Amino acid sequence: MSSLEEIEFSSKELGHYSRHLSIPEFGMEGQKKLKAAKVLAVGTGGLGAPMLQYLAAAGVGTIGIVDFDTVEASNLHRQVLFGASDVGRSKVEVAKERLLANNPYIDIEIHNVRLTSENALDIIKEYDVVADGTDNFPTRYLINDACVMLNKPNVHGSIFQFEGQLSVFNYKDEEGVLGPNYRDLFPEPPPPGLVPSCAEAGVLGVLPGIIGSLQASEVIKIITGIGQPLAGELFLFDAQDFSTRKVKVTKNTDNPLRGENPEITELIDYQEFCGIPSAEEEKEESEVPEVSVKEYKSWVESDEDVQLIDVREPHEVEIAEIGGTLIPLKEVTENAEQISRDKKVVVHCRSGQRSADAIKKLQEEYGFDNLYNLKGGILAWSEEIDDSIPQY
Amino acid sequence: MATLVIPTPLRKYTNQNRTFETSKSTLSDAIDDFVNEYPDVQENLLDEDGNVRSYIKLYIGNDEVNPQNNGGISLDENTEVSIVPAIAGGTPKI
């Protein structure tokens, strides 16, 4: 953070921030603190999009953005930084354009990379506050551990369908007392699969808007020193019944970072920690016979007798379909008799993951040897064969 | 009747029910009652030793409780026990 005495505002900037300057508790000092501050937002998704818009508009002087992804159509119902014409573009590039269009008086540093154990410390060390708007457990533990090692406050937001959680971790208060971190709250992540992805489980579009905006508010409070940051507490929100509550987060003496016997002194392999197979293991596990969408199309066009099975959920069929008998993955083994054994059977889903799981189950439990996974699923069909099929 | 508030990720094991009402008068008995009603919850809520899983917290009011430490804590008809799991919201990639 630069010295506040060196911070100056042009007349245009003063106009931009005038409603902040009018708040007695905020005033010029608060605005200078914002301009001097450097905030890193990890993720420009549902949480990052609203958070970044408010942080930029509020006048945070330097905002770093980490994201390696590109804009997809399925992002647009909640990632309000992006529009339909941005599909396919780099998220950080679009974010920078949009944020500077709102506020040209700030700096945006983009990091178009995955945050990894190799680069996290180097990236995070340059910033004063980190805002975690990621969408997966390995990155959450990585950000937590890096923030603890670098003594950075971590403003955490997370969402699932209609529920949101918010807390400020690793925050040092005015008396120098350090608050709990994410490992105090949840020492370990849930096993893969218990909390499904947004793609599988869905999320109410406005929910990350609410939680991401609250994250921006906490970031601004930390920087300006106004109010009490949500440290040592977890805020819970359920949009379905509009219930809100705060519960206590206490330090855990077994915390491997800051507990009585710290065991973690450097960043670890967070994929492994979260029980997620490595790329090689995944490849090994997912080895089922495959057919590309082009090859499958040629089978159909040459009138080959092929049965098509769709293992998605019924509500997904309403969004996009390429035909086939619908047998959702969880019901596939009890409906094995509907699947032919004397011709090629192509099994498909949205991306090819669930259909591979279905084939493995059917091979193991019923000995099928005529099943082919449609590689890339409906997404690949939409991309390579028929772009009128929606991507979701 | 005390009430257990069931979070979204566990509702697939509770027929999508959002709450569970129990006439039991202690936390341990209420948790037993809950997992007896919905056996598929057990593996996802408790480990082999009966401890709450490390990715889940239980709260009464604002305070964390655990059947191992506070199992005898008494529940009355207005007690609400919240089950709060870790959520990330997304796909398993960095």
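Start by colouring chain A by its domains: domain 1 takes in residues 37-276 and domain 2 residues 285-384, with bounds that come from an automatic or database domain assignment. The C-alpha centres of domain 1 of chain A and domain 2 of chain A sit 37 Å apart. What you have open is a predicted model, in which local features need pLDDT of at least 70 and side-chain atom pairs count only at pLDDT 80 or more, while totals for chains, interfaces and linings use all residues. Residues are numbered from 1 along each chain as its sequence is written, and chains are lettered from A and ligands numbered from 1 in the order in which they are written.

**Chain A as a whole**

Now show chain A as a cartoon. You should find 16 helices and 13 strands; here helices (H or I, at least four residues) and strands (E, at least two) are DSSP runs, numbered from the N terminus. The C-alpha trace of chain A spans about 80 × 50 × 40 Å along its principal axes. Of its 392 residues, 42% count as buried. A residue is buried if 20 or more other C-beta atoms lie within 10 Å of its own, exposed if 12 or fewer, and partly exposed in between, with C-beta atoms placed from the backbone.

**Helix 3 and what it packs on**

Select residues 27-36 of chain A, which make up helix 3. Its buried residues are Gly30(A), Gln31(A), Lys32(A), Lys33(A), Leu34(A) and Lys35(A). Which helices do these buried residues pack against? They meet helix 2 (18-21), helix 4 (48-58) and helix 10 (206-224) of chain A; two residues are in contact if their C-beta atoms, placed from the backbone, lie within 7 Å.

**Helix 4 and its two partners**

Keep helix 4 of chain A on screen and add helix 10 of chain A. Their axes come within 7 Å and cross at roughly 35 degrees. The axes are lines fitted to C-alpha atoms, for helices over the stretch in contact, and angles run from 0 to 180 degrees between N-to-C directions. This crossing is right-handed: the near helix is turned clockwise from the far one by less than a right angle, whereas anticlockwise would make it left-handed. To see the contact, pick residues of helix 4 including Met51(A), Tyr54(A) and Leu55(A), and residues of helix 10 including Gly212(A), Ala216(A) and Val219(A). The contact residues divide into 10 nonpolar, 5 polar and no charged. In this count Ala, Val, Leu, Ile, Met, Phe, Trp, Tyr, Cys and Pro are nonpolar, Asp, Glu, Lys and Arg are charged, and the others, Gly among them, are polar.

Next, swap helix 10 for helix 5 (residues 91-102) of chain A, whose axis comes within 9 Å of that of helix 4, again crossing at roughly 35 degrees. Helix 4 passes helix 5 in a right-handed crossing too. Look for Leu52(A), Gln53(A), Ala56(A) and Ala57(A) in helix 4 meeting Ala95(A), Leu99(A) and Asn102(A) in helix 5.

**Two loop residues with positive phi**

Go to Asn151(A), in the loop between helix 7 (137-150) and strand 5 (154-160) of chain A. Its phi is positive, about 60 degrees, although it is not a glycine. Most residues other than glycine have a negative phi. Is Asn151(A) buried or exposed? Asn151(A) is exposed, because it has 10 other C-beta atoms within 10 Å.

Then hop to Gln161(A), in the loop between strand 5 and strand 6 (163-169) of chain A. Phi of Gln161(A) is positive as well, near 55 degrees. Gln161(A) counts as buried because it has 21 C-beta neighbours inside 10 Å.

**A stretch named in a record**

Select residues 302-390 of chain A, where UniProt places the feature "domain: Rhodanese" (unreviewed entry). This stretch is 31% helix and 18% strand, and its end C-alpha atoms are 26 Å apart. Zoom in on Gln307(A), in strand 10 (residues 306-310). Leaving aside neighbours within four places in sequence, Gln307(A) is in contact with Ser340(A), Lys343(A) and Val345(A).

**Over to chain B**

Finish with the chain B side: 21 residues of chain B are in contact with 37 residues of chain A. Strand 4 (63-65) and strand 5 (80-85) of chain B each supply at least two residues of the touching side. The residues on that side of chain B divide into 11 nonpolar, 7 polar and 3 charged.

How values were computed: UniProt positions are given in the numbering used here, feature names are shortened, and annotations may be inferred rather than shown by experiment.
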